[in-house]
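Please open the model in your viewer and keep the selection panel at hand. The tour below moves from one selection to the next and says what is to be found at each stop.

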Amino acid sequence: MDCIFCKIVNGEIPSDKVYEDEFVLAFNDIQPAAPVHVLVIPKKHIESVVALTEEDDKLIAHIFKAIRVIAKEQGLENGFRLVSNVGADGGQSVKHLHFHILGKKQFTENFG
């Protein structure tokens, strides 16, 4: 498989890890869009949100638990933006499910 995130999970490519457990890896983005910009990925290769199955329900709950822990550890008490791009039209550049935690910046764009 030629997935850069799978290579990071397998230790073939180094990363600046901020969190890791049995199911999840989180690391600082190499091109940050905010003072805090952490990528949170499942260690299991899943292409995107639309590729999730019922088998992944516990994994997704676990990822969101990890996101809460990471946000607290990163000092994001005032809030943060959580983004997951899906597919080409959604701007997904790596075909491995991932969430961007963006913080320590006040975002002016409001989506809802």
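Begin with the salt bridges of this predicted model, of which there are 4 when a side-chain nitrogen of Lys or Arg has to lie within 4 Å of a carboxyl oxygen of Asp or Glu.

Select Lys17, Glu20 and Lys43 together, since salt bridges link these three residues in a network. Within this selection, the side chains of Lys17 and Glu20 form a salt bridge with an N to O distance of 3.2 Å. Glu20 also pairs with Lys43, and here the closest N and O atoms are 2.9 Å apart. This second pair links distant parts of the chain, for Glu20 belongs to strand β1 (residues 17-20) while Lys43 sits in the loop between β3 (36-42) and α2 (57-73), 23 residues apart.

With the three residues still highlighted, colour them by accessibility. Glu20 counts as partly exposed because its relative accessibility is 40%, and Lys17 falls in the partly exposed class with a relative accessible area of 46%. Lys43 is likewise partly exposed, at 24% relative accessibility, where the boundary for buried residues is under 20%.

Next, select Lys44 and Asp56, whose side chains meet in a salt bridge at 2.6 Å, N to O. Both Lys44 and Asp56 are in the loop between β3 and α2, and they stand 12 residues apart. Is each partner of this bridge buried or partly exposed? Lys44 is partly exposed, with 42% relative accessibility, whereas Asp56 has 3% relative accessibility and therefore counts as buried.

Now leave the salt bridges and move along to helix α2, where Arg68 is located. Arg68 has a relative accessible area of 56%, so this residue is classed as exposed. If you draw a C-alpha to C-alpha distance from Arg68 to Glu109, the viewer should give 22 Å, for a pair that is 41 residues apart in sequence.

A similar exercise can be done from the loop between β2 (24-28) and β3, which holds Ile30. Ile30 is an exposed residue, its relative accessible area being 82%. From Ile30 to Gly91 the C-alpha atoms are 17 Å apart in space, although 61 residues separate the two in sequence.

For a stop at the backbone, select Lys104, which lies in the segment after β5 (99-103). The phi angle of Lys104 is positive, at about 65 degrees, although this residue is not a glycine.

Finally, clear the selection and switch to a cartoon of the whole chain. The protein contains 2 helices and 5 strands, and, read from the N terminus, these elements follow the order α-β-β-β-α-β-β. Along the principal axes, the C-alpha trace spans about 35 × 30 × 25 Å. How does the radius of gyration relate to that of a compact globule? For 112 residues such a globule would be near 13 Å, and the protein has 14 Å, which agrees.

With all atoms shown, contacts can be considered: among those between residues at least 6 apart in sequence, 55% join residues that are at least 24 apart. Of the 112 residues, 38% are buried. A surface representation will display what the protein exposes, about 7,100 Å², and carbon and sulfur atoms supply 51% of this area.

As a last step, colour the charged side chains, of which 12 are positive and 16 are negative. The centres of these two sets lie 5 Å apart.

Terms used:
Residues are numbered from 1 along each chain as its sequence is written. This is a predicted model: local features need pLDDT of at least 70, side-chain atom pairs count only at pLDDT 80 or more; totals for chains, interfaces and linings use all residues. Side-chain values use heavy atoms; hydrogens and water are left out. Helices (H or I, at least four residues) and strands (E, at least two) are DSSP runs, numbered from the N terminus. The radius of gyration is taken over C-alpha atoms; the globule rule is 2.2 Å times the number of residues to the power 0.38. Buried means under 20% relative accessible area, exposed over 50%, partly exposed in between (1.4 Å probe, protein chains only). Contact means heavy atoms within 4.5 Å. Accessible areas come from the Shrake-Rupley method with a 1.4 Å probe; for residues, only the protein chains shown count as cover. Lys and Arg count as positive and Asp and Glu as negative; His and the chain ends are not counted. The place of a charge is taken as NZ of Lys, CZ of Arg, CG of Asp or CD of Glu.
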